[in-house]
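Visitor: I would like a close look at one part, the second largest pocket. Please then go on to whatever else can be said about the fold.

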Amino acid sequence: MYRRLLVVVLLIGLHAFVGITLIPDLDVGGVGRVLAWLYLAFSAVLMRYGVLSRGSGSTLLAWSGLLAMGIFSSLAVFSLLRAFVLVLASLSGAASEGLAQKSAQALIVVVVALTLFGLFNARRTARVVRRDIALRNLPPALQGFTIVQLSDIHVGPTIKHGYIDAIVRRVNGLSPDVIAITGDLVDGSVADLSDDIAPLAQLRARHGVYVVTGNHEYYSGVDSWIAEFERLGMRVLLNRHVQLQHGDARLVLAGIADYSAELFRPSHKSDPVAAFAGAPGDVPRILLAHQPRSAKAATEAGCDLQLSGHTHGGQFWPWMHLVRWQQPWVAGLQSADDMQIYISRGTGYWGPPLRFGAPSEITLIRLVSTAT
């Protein structure tokens with residue numbers, strides 16, 4: 001209760017700050033100022049629906065609320081930066097009415113441009129990012145083995161059937177050996193989203209499609225979703241592994257429940273050791289783990305490569321700089337002791353339908369050998 005009240009007070013305070021520091025310097029006249037204040041009031045109300053939007057309810061209301069969230073995020077950040085610059089200018093004696101007016105107008109132009117670009121970037125079908133990952137002692141038969149990684153699609157209030165269908169067509173065109181989905185597929189219930197997620201049943205790979213749970217599955221009825229994923233032909237790796245025979249070589253593909261799963265379902269406690277239990281140690285061992293911070297436990301379990309998501313690469317500026325407060329890495333290929341970890345920026349998006357500085361991706365990983 002107190003946390004919600006704090007959020008409401010903070011939200012109203014930030015909207016008031018933007019209005020007080022920005023609107024008087026826009027030089028838009030009396031009517032313009034009234035309209036600007038009405039927009040901020042409307043934004044504060046709409047953002048509540050953006051926060052609460054899930055797979056059900058009005059699509060128009062969800063779009064409006066989530067876009068309001070994204071626009072106000074930029075407005076608030078740039079208003080704070082502008083206020084800081086104006087204070088510095090005032091202290092140095094460089095402040096002027098012209099600087100205040102021009103900076104206010106420039107801020108609006110920048111916010112509009114970033115919103116339009118971010119919307120286009122988020123709504124386009126994710127580009128294919130090709131990445132060679134070298135593993136020690138890779139058997140010759142696994143040289144060039146391909147894994148398509150999808151992550152953080154977030155089927156929900158603004159990501160629907162057509163968006164998913166375009167992803168499926170692009171992935172199938174890559175003819176991968178394995179498709180790995182590293183969590184956060186959905187934001188809503190099976191009843192609300194089953195039609196929208198249905199195209200995933202058409203995914204095709206030589207050795208199948210595998211998925212692990214992300215934190216958002218636990219917000220949305222995880223047991224129902226696990227059953228639905230299996231019904232659609234995706235094998236759920238819940239702290240377990242499979243052995244894939246590729247030519248005369250084998251590969252272990254394991255998966256764990258989300259790092260935070262135990263908070264929602266104690267029996268789903270994330271456990272890399274259990275996931276690899278009984279797996280041979282002399283073949284490549286790959287782990288699907290939604291959150292990068294599972295890496296420490298994965299290294300202790302003898303994993304060679306971990307595939308993760310969760311961070312969205314920060315999704316849009318400046319939030320990528322805050323990801324490090326929770327996760328050890330933001331995106332890309334990293335290393336933890338003797339293990340490598342690849343963090344996808346995500347194939348969809350969460351919340352505001354905006355991406356800036358962190359483009360979505362369909363990752364095509366090709367395993368290659370290294371002599372070291």
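Guide: On a 1 Å grid over the protein atoms alone, a pocket is an open set of points with protein on both sides within 12 Å along at least five of seven lines, whereas a cavity is a set where a 1.4 Å probe fits but cannot get out; lining residues have an atom within 4 Å of a point. Points are joined across faces, edges and corners, and a volume is the space filled by probe spheres set on them. The model is predicted, with pLDDT of at least 70 required for local features and 80 or more for side-chain atom pairs, while totals for chains, interfaces and linings use all residues. Numbering starts from 1 along each chain as its sequence is written, and side-chain values use heavy atoms, with hydrogens and water left out.

The second largest pocket holds about 280 Å³ of space. It is lined by 16 residues, and those closest to its centre are Leu 22, Leu 26, Tyr 39, Leu 75 and Ile 108. At least two lining residues come from each of α1 (2–22), α2 (29–52), α3 (59–92) and α4; helices (H or I, at least four residues) and strands (E, at least two) are DSSP runs numbered from the N terminus. Helix α2 contributes the most to this pocket, five residues. By class, 14 of the lining residues are nonpolar, two are polar and none is charged; Ala, Val, Leu, Ile, Met, Phe, Trp, Tyr, Cys and Pro count as nonpolar, Asp, Glu, Lys and Arg as charged, and the others, including Gly, as polar.

Helix α4 (residues 97–123) also figures in the enclosed space, giving three residues, the largest share, to the lining of the largest cavity. The model has one cavity of 30 Å³ or more, and the largest has a volume of about 70 Å³. Its lining consists of Ser 74, Leu 114, Thr 115, Gly 118, Phe 316, Trp 317, Leu 354, Arg 355 and Phe 356. Five of these residues are nonpolar, three polar and one charged.

Now the strands. One open sheet has six strands in the order β1-β12-β2-β3-β4-β5, with mixed pairing; two strands pair if DSSP finds at least two bridges between them. Strands β1 (127–136) and β5 (234–236) form the edges, each pairing on one side only. Inside the sheet, β3 (residues 178–181) and β4 (residues 209–211) run parallel and are joined by three bridges; Ile 179 has Val 209 in β4 as its bridge partner.

A second open sheet, also of six strands with mixed pairing, is ordered β6-β7-β8-β9-β11-β10. Strands β6 (240–246) and β10 (332–336) each have a single partner strand, so one side of each is left without a neighbour in the sheet. Seven bridges pair β6 with β7 (residues 249–255) in the antiparallel sense, and Arg 240 is opposite Gly 255 in β7.

Aromatic pairs come last. There are six, counting rings of Phe, Tyr and Trp (its six-membered ring) with centres within 6.5 Å; planes under 30 degrees apart are stacked, over 60 edge-to-face and the rest tilted. Among them, Tyr 163 and Tyr 349 are edge-to-face, at 6.1 Å centre to centre and 80° between the planes. Tyr 163 belongs to helix α5 (residues 161–172) and Tyr 349 to the loop between β11 (339–343) and β12 (361–370), so this pair ties together parts 186 residues apart in sequence.
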